[in-house]
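Reader: I'm new to this one. Could you walk me through a few strands and a charged patch?

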Amino acid sequence: MARLLLIEDDVTIRTPLLRALRERGHAVAAVGTALEGMQAALADRPDLVVLDLGLPDLDGRETLRMLRAVSRVPVIVATARDDETEIVRVLDAGADDYLVKPFTAAQLDARIRAVLRRGGAAPADPTITVGELSIDPAARVVRLAGTTVELTPREFDLLHHLAARAGQVVTKRELLTEVWQIPYGGADKTVDVHLSWLRRKLGETATEPRYLHTVRGVGVRLGEPEPR
């Protein structure tokens with residue numbers, strides 16, 4: 001499993017690609033602008049970045065130059081631009097590979113694995129451990145103190161998203177967009193309901209949290225429980 005950052009503004013491309021890459025065992029964060037991409041790349045330090053060129057706030061080639069000035073993270077440019085001159089410019093600017101749309105998730109996954117092999121980057125440990133809680137994204141298995149916790153697919157996706165950002169406050173907007181793939185709005189109660197179910201299965205409550213801590217007015221944070 002690799003930790004990936006997908007910078008793609010077209011939600012009709014981003015959403016299915018995000019889902020498909022996660023199904024292949026990767027931990028994926030996705031943003032829609034160059035500024036968000038730069039912030040995420042520096043804060044989260046992904047193993048690889050998948051970068052679209054047609055971003056709304058800044059051209060992807062300029063984004064690549066800015067990223068290269070501060071990071072050596074491998075970058076695969078995934079774009080509809082198929083002009084040979086443009087491809088050469090992007091590769092010269094520091095891209096590790098170039099993939100022309102349309103492409104399948106399987107093709108992108110193969111390019112990701114190839115780039116990581118060339119760079120000698122070892123995929124991240126497939127198991128995320130927070131205290132006595134362990135999440136295995138590849139097997140989609142959660143254990144608490146060695147005991148398997150039975151979760152629904154959505155509960156697993158929610159817990160995995162939070163665990164991949166352990167220690168950080170994650171907003172309901174992000175959870176609805178990235179876990180449910182729906183816009184933020186009246187459906188935000190969905191997050192509260194699933195968090196309640198998840199807490200129950202982890203043996204905690206909102207008033208006595210151990211792993212899932214609500215930050216009022218902001219979101220939720222998954223962190224190690226304090227010693228009892």
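Author: Sure, starting with the ground rules. This is a predicted model, where local features need pLDDT of at least 70, side-chain atom pairs count only at pLDDT 80 or more, and totals for chains, interfaces and linings use all residues. Residues are numbered from 1 along each chain as its sequence is written, and side-chain values use heavy atoms, with hydrogens and water left out.

Reader: Which residue in S7 stands opposite Val-130?

Author: Strands are DSSP runs of E, at least two residues, numbered from the N terminus. S6 (residues 128–130) runs antiparallel to S7 over three bridges; two strands pair if DSSP finds at least two bridges between them. Facing Val-130 from S7 is Leu-133.

Reader: What is the bridge partner of Ser-134 in S8?

Author: S7 also pairs with S8 (residues 141–144), again in the antiparallel sense, over four bridges. Those two make a hairpin with four residues between them. Within S8, Ser-134 is matched with Arg-143.

Reader: Are the residues of S7 buried or exposed?

Author: S7 covers residues 133–136, with Leu-133 and Ile-135 pointing one way and Ser-134 and Asp-136 the other. Buried means under 20% relative accessible area, exposed over 50%, and partly exposed in between (1.4 Å probe, protein chains only). On either side, the S7 residues are all buried.

Reader: What is the relative accessible area of Asp-57?

Author: Asp-57 sits in the loop between strand S3 (48–51) and helix H3 (60–70); helices are DSSP runs of H or I, at least four residues. Asp-57 counts as partly exposed, because its relative accessible area is 40%.
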